[in-house]
Every structure is written in structure tokens, then in C-alpha cells.
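Here are some exercises to work through with the model open beside you. Try each task before reading its solution.

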Amino acid sequence: MPLGQAAPQPGPILRFPRPARPRPPSAGAPRAPEPILLSPPQLTGGELAALRATLDSGWIAPAGPVPEAFEAALAEATGFPHLLATASGTAALHLGYRLLGVVPGDEVWTSTLTFVATIAPAVQMGAVPRFLDVTPESWTLDPALLERELARAVRRGRLPRAVVPVDLFGQCCDLDAILALCERWGVPVLCDSAAALGATQRGRHAGRGARLAAFSFNGNKIVTAGGGGALASDDPALIARARRLANQAKEPSPHYQHEETGFTYALSSVLAAVGLAQLPALPQRVEARRAVFARYREGLGDLPGVGFMPEPAWGQANRWLSVALFHPRAGAPDREAVREALSALGIESRPVWKPLHLQPAFRDAPQAGGAAAARLFEAGLCLPSGSGLTPAQQERVIAAIRACFGEAGR
Ligand SMILES: *Cc1c(COP(=O)(O)O)cnc(C)c1O
């Protein structure tokens with residue numbers, strides 16, 4: 001280094017890669033249209049200030065005022081009096097299974113049309129999953145089938161340890177009906193409301209009334225913390241125990257004392273700060289996602305063989321994902337043909353969850369029905385649904401789908 005030149009300043013300890021600057025299009029080259037993603041995170045603009053304030057405060061551990069404030073804001077948004085902010089939705093479900101006392105050999109029942117995370121923690125604990133079909137009315141756990149299966153389980157003398165209905169794609173299951181059936185036999189309900197923040201069931205927030213409910217703040221959900229979840233209940237003792245388990249089951253003692261083993265499952269203050277900055281946007285985002293769904297119905301509803309995820313009278317979905325059905329026998333192209341055509345244009349879409357009873361991971365699991373879920377998987381496609389999706393972007397998606405229909409789409 002030449003004399004007299006200042007020594008380089010030490011850089012910040014954390015270096016983040018700079019976002020690549022978009023290169024100007026070279027003259028004449030056709031510009032690739034910007035990709036349209038399924039459900040990208042949307043920022044409110046408040047995140048950076050919240051992060052800075054949190055870092056400045058020194059409270060960055062998974063405890064302290066920021067997760068507490070996040071839990072209070074969630075209680076306000078959901079009506080649940082007791083909540084624990086967790087590192088993920090899956091962690092919340094895992095804690096829920098622990099609280100319900102799942103042990104190896106126990107049966108845990110869930111809807112077959114769901115994401116694997118609903119049941120994965122229970123299976124890892126040695127539980128036997130039983131996959132129940134959904135009702136075409138809502139695509140969520142069929143209460144009539146649940147009633148029949150519970151009666152059969154009583155005759156076998158082997159009730160499930162827990163029933164885990166799912167609020168599918170942000171639409172509430174028929175929770176009141178499910179609770180009434182489970183209460184009859186004293187079976188606790190853990191509601192997987194991971195994708196249903198802001199959705200309601202008979203005027204109550206998703207999950208309300210269940211013994212436990214799990215939420216997710218993963219990057220693709222309607223409100224994100226950049227990763228995170230929550231476990232909620234009306235029972236303060238359950239959430240207090242969840243809090244202890246989420247913090248390595250440390251007993252109150254000056255030394256490390258453990259009556260049982262736990263997890264590192266509490267939400268970091270850094271992520272809770274992001275979640276806190278996001279939560280106030282929830283009502284607008286429900287509106288925005290519902291508007292996206294309405295525009296799809298308007299723009300595609302006249303096409304032959306096209307259907308949409310129904311919304312039953314008992315609830316209001318947050319329309320986390322807009323789902324359309326493509327029935328080839330009624331004149332629509334195959335759902336994979338539509339997905340591939342969209343993909344070629346930089347538009348992301350995804351088949352509806354592949355039912356868990358059809359997954360190789362669960363090939364030996366008992367099931368009850370499953371044909372309704374399998375049909376939805378065959379025909380169902382989740383379309384770009386972000387709360388930041390612009391009408392112009394959505395027009396592109398709609399035009400691309402209509403183009404798959406040939407003459408009928410013009
Ligand atoms: C997102 C999601 C989960 C998992 O939440 P993570 O925060 O990603 O662990 C579980 N169940 C359903 C239905 C989900 O949509």
C-alpha cells in the first residue's frame with residue numbers, strides 16, 4: 001500500500017450480497033417478460049425500521065419484548081388469548097403433537113389433501129397417520145366421513161390421539177362440525193391453520209375453538225416474518241408448557257434443570273420484528289388476495305371445463321392461493337398442459353397438493369376415502385396469487401391460460 005494512503009476501513013461484519021443491477025436490454029433483443037411468482041413475499045416498507053430498532057435495542061434473542069409484542073399483535077389479529085411465536089409453522093405443529101401426548105403407535109388423523117408438514121412431525125414421533133378424504137363443498141376434511149370413521153374407531157376400541165383438520169389454501173375447514181364430533185369422544189383437535197391467517201369460520205378467526213391451532217409466517221404466506229410460526233390456544237397452561245418445551249424444557253432453577261427434553265423452537269426477535277411490521281397489512285392483503293381470485297373467476301369462468309375452489313357459506317377464505325380446476329372431459333386442456341404453457345412464459349403455478357395417501361412416504365398408512373382429493377389433484381392448479389400481483393400481471397396470466405383453449409379462449 002503506498003505511504004500516505006488511508007488504511008482500508010474495516011467493512012461491516014455482515015456483508016450482504018448486493019442485488020445485481022438489471023442490465024439494460026441490448027438493442028433489438030426481445031426483453032424476457034418479468035417472471036410472475038406463485039406467492040412471493042410482499043414488504044410493507046416498515047420492516048427495515050423495525051429491524052434497525054430491534055438490532056439497536058440489543059434484544060435479538062428468541063425472547064424479550066419483540067416476540068412478546070408479536071404475540072400480542074397476533075392475539076389481537078386472531079382472537080386467541082394465548083400464543084407462542086415459533087421458529088416455523090412445522091415447529092408449532094410439532095409442539096402441538098407433544099402437548100397432546102402423541103406416543104409411538106398412536107393414530108393421528110388428518111385430511112389427505114394437505115402439505116406434508118401437517119403430519120410430518122407426528123410421523124417422526126412414531127404416530128400412525130390416517131388420511132381422510134375431503135368434501136367437494138370446501139375441499140377440507142369431510143365431517144360426515146369423520147363421523148363414520150370415529151364410530152368405527154370406537155368399535156375397534158382405538159380412538160385417534162388427535163384429529164388435525166387443515167384450513168386448505170387459506171380456507172377454513174368446517175371446524176365447528178369437526179369439534180362437535182371430536183368432543184363427543186373426547187378427541188382433541190389441533191387445527192392446521194398455517195395458511196389461514198385472516199380467514200374466518202362462522203365469524204371467528206381460523207382455528208378458534210380448537211384445543212390448539214398452528215400458524216405459519218413462512219416467506220410464501222399471506223403475512224411473513226421471513227420464517228416463523230405460532231401455536232395458539234384458549235388454554236394458558238398449554239401455551240406455558242409449549243413455551244418451556246420451545247426453550248429446551250429448562251426448569252426454573254439457577255442451574256440447568258430438565259424434567260424432560262425440548263427444542264429450540266422459539267422465534268428470533270429479528271424475525272419477530274419483521275412479522276410485527278407485516279401484521280398490520282393483513283386486512284388489506286386478505287382483500288387483495290380475494291380480489292385476485294375474483295379477477296380469475298371473471299377472466300376464466302366462461303371457459304369450458306374450468307372450475308374454481310368453492311367457498312362454503314360458513315366461512316370467508318383469505319384466498320392465500322387462488323385455485324382453478326381444468327377438466328379435460330368437459331373441454332379444458334389438461335392441468336399439466338396449462339402449467340407448462342404458463343411456465344414457458346415465466347409464470348409460476350403449482351398443482352394442488354398431491355394427497356398424502358398417494359405419497360410414497362405414507363404408502364402403508366391407513367386411509368378413509370381419498371377419491372375426491374385425488375380428483376382435485378388431477379385437475380387443480382394454484383395460480384399466481386400474491387397480494388402484490390398487479391391487474392396487468394394478472395391479465396398476462398389470464399391471457400396465457402385462455403391461449404391454451406384455442407378457439408374457445410379467444
Ligand atoms: C406453510 C404450511 C405449513 C408449514 O409451515 P412452515 O412455517 O413452512 O413450517 C404447514 N401446513 C400448511 C397447510 C402450510 O401451508
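## Exercise 1: Two domains

The C-alpha centres of domain 1 and domain 2 lie 26 Å apart. This is a predicted model, in which local features need pLDDT of at least 70 and side-chain atom pairs count only at pLDDT 80 or more, while totals for chains, interfaces and linings use all residues. Residues are numbered from 1 along each chain as its sequence is written.

**Task.** Find the bounds of the two domains, then describe the side of domain 1 that touches domain 2.

**Solution.**
1. Start with the bounds, which come from an automatic or database domain assignment: domain 1 covers 47-280 and domain 2 covers 282-409.
2. Next, count contacts, where two residues are in contact if their C-beta atoms, placed from the backbone, lie within 7 Å. On this basis, 37 residues of domain 1 meet 33 residues of domain 2.
3. Now look for the elements on the domain 1 side. Strand E3 (128-132), helix H5 (143-156) and strand E6 (200-201) each supply at least two residues; E3 gives the most, with 5 residues. Helices (H or I, at least four residues) and strands (E, at least two) are DSSP runs, numbered from the N terminus.
4. Finally, sort that side by residue type: 22 nonpolar, 8 polar and 7 charged. Here Ala, Val, Leu, Ile, Met, Phe, Trp, Tyr, Cys and Pro count as nonpolar, Asp, Glu, Lys and Arg as charged, and the others, Gly among them, as polar.

## Exercise 2: Lys-221 and the ligand

**Task.** What does UniProt list for Lys-221, and is Lys-221 buried or exposed?

**Solution.**
1. Check the record: an unreviewed UniProt entry lists Lys-221 as "modified residue: N6-(pyridoxal phosphate)lysine" and also under "active site". UniProt positions are given in the numbering used here, feature names are shortened, and annotations may be inferred rather than shown by experiment.
2. Place the residue: Lys-221 sits in the loop between strand E8 (212-216) and strand E9 (229-233).
3. Count its neighbours: Lys-221 is buried because it has 24 C-beta neighbours inside 10 Å. The cut-offs are 20 or more other C-beta atoms within 10 Å for buried, 12 or fewer for exposed, and partly exposed in between, with C-beta atoms placed from the backbone.
4. List its contacts: leaving out residues up to four places away in sequence, Lys-221 touches Ala-195, Leu-197, Ser-216 and Trp-320.
5. Turn to the ligand: 14 residues surround it, and the closest are Ser-88, Gly-89, Thr-90, Ala-194 and Ser-216. A residue is near a molecule if its C-beta atom, placed from the backbone, lies within 6 Å of it. This shell divides into 5 nonpolar, 8 polar and 1 charged.

## Exercise 3: A sheet and two arginines

**Task.** Which strands stand at the edges of the sheet E7-E6-E11, and where do Arg-202 and Arg-319 lie?

**Solution.**
1. Trace the order: the open sheet has 3 strands, E7-E6-E11, with antiparallel pairing. Two strands pair if DSSP finds at least two bridges between them.
2. Find the edges: strand E7 (204-205) and strand E11 (315-316) each have a single partner strand, so one side of each lacks a neighbour in the sheet.
3. Inspect one pair: E6 and E7 are joined over 2 bridges, and Thr-200 stands opposite His-205 in E7.
4. Locate Arg-202: this residue lies in the loop between E6 and E7, has a positive phi of about 45°, and is partly exposed, with 14 other C-beta atoms within 10 Å.
5. Locate Arg-319: this residue is in the loop between E11 and strand E12 (322-326), has a positive phi of about 50°, and is buried, with 28 other C-beta atoms within 10 Å.
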